[in-house]
Each structure stands twice: as structure tokens, then as C-alpha cells.
Amino acid sequence: MSDEKYPPTPREKILLNELGDLLESAREISSDLEKCRQTLNERESEIRALRRDMIELKEENQHLREVLQTWRVRLDSVLGQLKTIN
């Protein structure tokens, strides 16, 4: 046996080139996937923040409705008292 290396055959060269192309494509896909993951994480964070804002706004809206209802009741009461005075 000898340690002599044999040059790749034409078929082996083609396969090595195809393997190199596949490796490059895999790296590009991996990079694109990582970008998509980062974008997804950013969007999920944004969604969580918007949900918190929405909950706060709903609570504020409910409070304002209650305040408005209280004022309506008071106004009706005052108008009722005014009618009895006349």
C-alpha cells in the first residue's frame, strides 16, 4: 500500500462541486432562518406590548364609562329635583 493520493475522477469533481453548492445553500438558508427567528421574536415582543396596552386601555375605558354613568345619574337626579321645584 502506498500513501499516494489519487486525483479525483471527473464524477467525483462534479459531486464535490454539487456538495459545495449544497453547503452554500444550506448556510444561506440557515442565515435566512435566523433572521426570520429574530424578526418573529421582535414581532412577538411587539404583540405582547400591544396586548398590555390594549388591556390598560380597556380598563381605562371601563373606568370612564363608570364615571360617565355616575354623572348621568347625578344629572338626572338634579333635573328631577329642578322639575319638582317648578
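**Exercise 1. Place Leu 79 in the structure and describe the patch to which it belongs.**

Step 1. Leu 79 is located in helix H1. The model used here is a predicted one.

Step 2. Its relative accessibility is 42%. Partly exposed covers the range between under 20% (buried) and over 50% (exposed), so Leu 79 counts as partly exposed.

Step 3. On the surface, Leu 79 joins Leu 75, Val 78, Leu 82 and Ile 85 in a nonpolar patch. Together these residues have about 480 Å² of accessible area.

**Exercise 2. State which residues form the patch of negative charge, and classify Glu 24 as buried, partly exposed or exposed.**

Step 1. The residues that gather in this surface patch are Glu 18, Asp 21, Glu 24, Glu 28 and Asp 32.

Step 2. Glu 24 belongs to helix H1, which spans residues 10-85.

Step 3. Glu 24 has a relative accessibility of 46%, and therefore counts as partly exposed.

**Exercise 3. Find the salt bridge of the structure and explain how its two residues are placed along the helix.**

Step 1. Side chains of opposite charge can pair when their charged atoms come close.

Step 2. The structure has one salt bridge. The partners are Glu 34 and Arg 37, with an N to O distance of 4.0 Å.

Step 3. Glu 34 and Arg 37 are three residues apart in helix H1, so about one helical turn separates them.

Step 4. Glu 34 is partly exposed, at 37% relative accessibility. Arg 37 is also partly exposed, with a relative accessible area of 46%.

**Exercise 4. Describe Thr 39 and give the separation of its C-alpha atom from that of Ile 14.**

Step 1. Thr 39 is a residue of helix H1.

Step 2. Because its relative accessible area is 33%, Thr 39 is classed as partly exposed.

Step 3. Along the chain, Thr 39 and Ile 14 are 25 residues apart. Their C-alpha atoms are separated by 37 Å.

**Exercise 5. Decide how the overall dimensions of the protein chain compare with those of a compact globule.**

Step 1. The protein chain has one helix and zero strands.

Step 2. For 86 residues, a compact globule would have a radius of gyration near 12 Å, whereas the protein chain has 36 Å.

Step 3. Along the principal axes, the C-alpha atoms fill a box of roughly 120 × 20 × 10 Å.

Step 4. Of the 86 residues, 0% count as buried.

**Exercise 6. Summarise the surface and the charges of the protein chain.**

Step 1. The protein chain exposes about 8,700 Å², of which carbon and sulfur atoms supply 57%.

Step 2. There are 15 positive and 18 negative side chains.

Step 3. The centres of these two sets of side chains lie 9 Å apart.

Methods
Residues are numbered from 1 along each chain as its sequence is written. This is a predicted model: local features need pLDDT of at least 70, side-chain atom pairs count only at pLDDT 80 or more; totals for chains, interfaces and linings use all residues. Side-chain values use heavy atoms; hydrogens and water are left out. Patches are made of residues with over 30% relative accessible area and no salt bridge: like charges are joined within 9 Å, nonpolar side chains (Val, Leu, Ile, Met, Phe, Trp, Tyr) within 5 Å. Accessible areas come from the Shrake-Rupley method with a 1.4 Å probe; for residues, only the protein chains shown count as cover. A salt bridge is a side-chain nitrogen of Lys or Arg within 4 Å of a carboxyl oxygen of Asp or Glu. Lys and Arg count as positive and Asp and Glu as negative; His and the chain ends are not counted. The place of a charge is taken as NZ of Lys, CZ of Arg, CG of Asp or CD of Glu. Helices (H or I, at least four residues) and strands (E, at least two) are DSSP runs, numbered from the N terminus. Buried means under 20% relative accessible area, exposed over 50%, partly exposed in between (1.4 Å probe, protein chains only). The radius of gyration is taken over C-alpha atoms; the globule rule is 2.2 Å times the number of residues to the power 0.38.
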